[in-house]
There are 2 protein chains.
Amino acid sequence: MRFRYRYDGGMATTMGRRERKKAQTRQALSQAALRLFGEHGYDRVTVAQIAEEADVSVATLFAHVPDGKEALIFDDGAERGLWLVAAVRERPPGQPVLQALRRCLASRGPFSTDLPPELRRKRDLIVATPALREYSRKLWIAAEAALAEAIATDSGRDPRDMTVRALARYVLEIPDLAGAEPDPRAALDAIFDLLESGWPASPRPA
Amino acid sequence: MRFRYRYDGGMATTMGRRERKKAQTRQALSQAALRLFGEHGYDRVTVAQIAEEADVSVATLFAHVPDGKEALIFDDGAERGLWLVAAVRERPPGQPVLQALRRCLASRGPFSTDLPPELRRKRDLIVATPALREYSRKLWIAAEAALAEAIATDSGRDPRDMTVRALARYVLEIPDLAGAEPDPRAALDAIFDLLESGWPASPRPA
DNA sequence: TACGAATCCATAATGACTATATTTTCGTAG
DNA sequence: CTACGAAAATATAGTCATTATGGATTCGTA
């Protein structure tokens with residue numbers, strides 16, 4: 001019962017030893033994986049090595065990260081979608097939906113400028129590793145239903161309207177699509193311009 | 001040397017015994033996989049069972065289908081993209097790019113009406129099985145560069161223009177996005193309308 | 001007919017992941 | 001402080017896809 005509310009360095013102060021250890025182990029796994037991936041390349045590192053490095057058994061590793069090897073370095077699975085949904089719901093009056101989404105994406109993910117070098121290395125690793133890139137995309141796409149719901153509510157349409165779902169999907173595809181570009185920000189803007197204005201229907205000349 | 005040019009039922013008549021056997025085996029594998037998947041479900045069928053059913057060794061199975069279990073029932077990997085590229089290049093004068101793509105997609109993939117029951121079952125299996133659906137999407141997306149190239153050439157832009165690449169990606173995403181809808185054709189049209197006109201920028205009311 | 005290449009096969013390995021049964025650790029009630 | 005039940009960690013063994021290896025067979029062709 002003692003020390004339940006002691007300051008613990010920014011972590012939620014209501015966690016008991018149990019949850020604290022859990023979070024510690026999860027982070028140890030994440031860091032071990034990130035270091036080994038960066039050092040030897042994703043496919044030349046086995047989960048056994050990562051478990052060893054984090055000083056846990058392989059079974060424990062999978063207990064902490066049930067989604068498998070790729071999920072190891074993504075400790076933020078579910079939050080991604082919440083950002084975008086919140087961006088739609090809480091945007092200032094007078095602002096169009098797509099503008100809110102554009103701003104939100106611009107500040108997160110691979111688009112934020114002057115990223116700390118640690119995160120920059122992580123981003124480069126993800127972009128350069130097909131398995132990780134695919135999984136990252138999966139995480140974004142997982143928010144499709146929620147984002148579609150938010151957009152539908154906002155525009156007074158049915159949440160299952162295909163136009164709404166497509167828009168949600170297309171927005172969520174942007175990080176994968178533009179993340180590897182030399183100038184991600186410019187790419188981001190180009191794509192949003194396309195989504196806002198559509199593709200000019202220049203007919204083929206005879 | 002005899003019979004090299006005998007009629008063989010529509011197959012290329014210039015194939016020797018070797019290539020003929022190869023194609024036979026490939027088809028046997030495809031059919032065995034499709035039947036077993038349909039009967040027991042994708043993840044409850046092992047590649048060993050499929051190899052057994054097709055009367056080849058597991059090693060031979062992987063020699064014929066190096067892309068793995070999911071690729072077994074897709075005997076048309078590369079062609080998908082070619083259709084769309086051809087649709088852009090060979091469209092009648094006066095027709096916009098997106099209209100050509102819309103028509104092309106409408107006739108292929110999951111969108112063609114009155115599909116023979118055999119292919120309908122196959123389509124349902126793919127749509128209902130995440131691994132197969134993902135792989136199918138991958139096959140479409142693989143044509144992104146080629147389609148972007150065609151669109152760029154047509155519209156006089158740079159093939160690496162992000163707008164062009166995004167449009168190509170978005171078109172190729174359509175089968176996965178609309179294929180599972182109750183009315184795929186209507187969904188297809190809704191998405192193309194979005195791509196042509198963009199999303200109306202209705203600002204949020206205060 | 002004979003030779004080289006392509007194909008096939010059995011076998012064994014790797015590596016991700018799952019299942020199970022046992023033990024350790026933690027929170028808490030007594 | 002102690003004991004008990006839940007959560008977590010472990011060792012172990014198993015399943016499955018996929019790759020590697022080396023030897024046998026078959027085919028095309030000279």
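Q: What makes the relation between chain A and chain B that of a two-fold axis?
A: A turn of 180° and a shift of 0.0 Å along the axis lay chain A on chain B with an RMSD of 0.1 Å. The copies are superposed by least squares on the C-alpha atoms of residues with pLDDT of at least 70 in both. The turn and shift are therefore those of a two-fold axis. The same surface serves both copies, since 100% of the contact residues of chain A recur in chain B; contact means heavy atoms within 4.5 Å. G198(A) is the residue of chain A that comes closest to the rotation axis, with its C-alpha at 1.9 Å.

This is a predicted model, in which local features need pLDDT of at least 70, side-chain atom pairs count only at pLDDT 80 or more, and totals for chains, interfaces and linings use all residues. Residues are numbered from 1 along each chain as its sequence is written, chains are lettered from A and ligands numbered from 1 in the order in which they are written, and side-chain values use heavy atoms, with hydrogens and water left out.

Q: Why is F192(B) called buried?
A: Buried means under 20% relative accessible area, exposed over 50%, and partly exposed in between (1.4 Å probe, protein chains only). F192(B) has 0% relative accessibility, so this residue counts as buried. F192(B) sits in helix α10 (residues 184-197) of chain B; a helix is a DSSP run of H or I with at least four residues, numbered from the N terminus.

Q: Which residues is F192(B) in contact with, leaving aside neighbours within four places in sequence?
A: They are L98(B), L101(B), R102(B), L105(B), V171(B) and I174(B).

Q: Which residues of α6(A) are buried, and what puts them on the same side?
A: K122(A), L125(A) and I126(A) are the buried ones. Their arc around the axis is only 95°, which means that they lie on the same side of α6(A); the arc is that of the directions from the helix axis to the C-beta atoms. P117(A), R121(A) and A128(A), on the other side, are exposed. Among what covers the buried residues are α1 (17-40) and α7 (130-141) of chain A.

Q: Which residues come nearest to DNA strand D?
A: K22(A), S57(A), T60(A), R17(B) and R18(B) do, out of 18 residues around the strand. A residue is near a strand if one of its heavy atoms lies within 4 Å of it.

Q: What makes the pair between K22(A) and DNA strand D a polar contact?
A: A polar contact is a pair of N or O atoms within 3.5 Å; within protein, one must be able to donate a hydrogen and the other to accept it, and residues adjacent in sequence count only if both atoms are side-chain atoms. A polar side-chain atom of K22(A) is 2.9 Å from a phosphate oxygen of the strand.

Conventions
Helices (H or I, at least four residues) and strands (E, at least two) are DSSP runs, numbered from the N terminus.
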